[in-house]
Structures are given as structure tokens and as C-alpha cells.
Amino acid sequence: MRHAETYSQVRLVAHLYEFLPSLLFWHTPNGEPRPGGVGIRLMRLGVRAGVPDLFFPTLGNKGLFVEMKDEGEHETKAQEQVRVILELAGFECYVYDDWRAAFAFIEQRAREQGYERSDPHWKSGELPASR
């Protein structure tokens with residue numbers, strides 16, 4: 001994960017923890033170089049190239065995946081292949097290069113399924129300029 005991509009995902013996750021704390025999700029640790037034999041050990045444990053960054057098991061019909069990219073970047077071939085397999089299996093998959101857009105989308109989907117924002121003073125869809 002590149003620096004800008006890391007920053008975007010960190011901002012997204014921080015907002016999810018702060019404003020949708022009951023929403024279950026996790027990060028899949030793929031794509032970063034690992035020292036020594038760590039990469040081989042992780043592959044043996046089931047880590048696979050191309051798996052999207054974040055999984056939301058309670059959103060969508062079967063679950064929802066989000067892949068965060070640097071601005072203007074696109075999926076790798078492995079990511080595209082995994083996305084197609086997941087979509088054929090009934091999962092929803094989305095790619096975002098902007099954490100604010102990703103947050104707005106996830107928040108909307110969470111609201112549709114009964115989640116509520118933890119900050120009642122925030123208007124729907126607004127993000128503070130300082131964040």
C-alpha cells in the first residue's frame with residue numbers, strides 16, 4: 001500500500017471508528033513487502049494477492065468490499081480478477097480513490113441497514129473541514 005493510499009485508508013477507518021463504531025469491518029493485510037520469510041508464512045496461512053482492503057460483512061446482501069487506491073490509480077490485474085470472482089458470488093465490491101467519497105457511500109449503506117451515526121450534531125453527508 002502506497003503512502004497516499006495508506007493515508008486515505010487511515011482517514012476512512014478513523015471516521016468509521018468515530019462515527020459508526022458499531023459497524024463491523026476489517027482490513028485484509030495484502031500487498032505490502034514483508035521481511036524474511038513472513039510473506040511465505042502469510043501465503044501458507046491463506047493471504048492472497050488481490051483481496052480488497054476492507055470487508056464489511058453486515059452491509060449488502062452477502063457483504064461489501066472496498067478497495068482504496070491512490071487518486072487516479074486503478075485496480076491491479078489480481079485485484080480485478082478477485083473482484084470479478086467476488087461479484088459473481090454475490091458480494092458487492094467498490095473501488096475508491098477518495099476517503100471522503102468512500103465514507104459517504106459506506107455511511108449511506110449503513111443507514112439503509114439501520115446503523116446510526118454516533119454524533120447527532122453532524123448533518124448527514126457533511127464532513128468537518130479539519131478532518
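Which glycine takes a positive phi just after α4? In this predicted model, that residue is glycine 114, with a phi of about 95 degrees. The points below describe helices α3 and α4 and the residues at their ends.

**Helix α3: extent and end**
- Helix α3 covers residues 77-88, a run of 12 residues.
- From the first C-alpha to the last, α3 reaches 17 Å, close to the 16 Å expected at 1.5 Å a residue.
- Glycine 90 follows α3 and has a positive phi, near 100 degrees.

**Helix α3: buried and exposed sides**
- Gln79, Val82, Arg83 and Leu86 are the buried residues of α3.
- Viewed down the axis of α3, these buried residues fall within an arc of 105 degrees, so they line one face of the helix.
- An α-helix has 3.6 residues a turn, so residues three or four places apart point the same way.
- The buried residues of α3 pack against two strands, β3 (64-68) and β4 (92-96).
- Lys77, Ile85 and Leu88 are exposed and lie on the face of α3 turned away from its buried side.

**Helix α4: extent and start**
- Helix α4 comprises 14 residues, 99-112.
- The distance from its first C-alpha to its last is 20 Å, close to the 20 Å expected at 1.5 Å a residue.
- At the start of α4, aspartate 98 places a side-chain oxygen within 3.0 Å of the backbone nitrogen of arginine 100.

**Helix α4: buried residues**
- The buried residues in α4 include the aromatic residues Trp99, Phe103 and Phe105.
- Ala102, Ile106 and Ala110 are also buried in α4, as are the charged residues Glu107 and Arg109.

Conventions: Residues are numbered from 1 along each chain as its sequence is written. This is a predicted model: local features need pLDDT of at least 70, side-chain atom pairs count only at pLDDT 80 or more; totals for chains, interfaces and linings use all residues. Side-chain values use heavy atoms; hydrogens and water are left out. Helices (H or I, at least four residues) and strands (E, at least two) are DSSP runs, numbered from the N terminus. The expected span of a helix is 1.5 Å times one less than its number of residues. Buried means under 20% relative accessible area, exposed over 50%, partly exposed in between (1.4 Å probe, protein chains only). The arc is that of the directions from the helix axis to the C-beta atoms. Contact means heavy atoms within 4.5 Å. A polar contact is a pair of N or O atoms within 3.5 Å; within protein, one must be able to donate a hydrogen and the other to accept it, and residues adjacent in sequence count only if both atoms are side-chain atoms.
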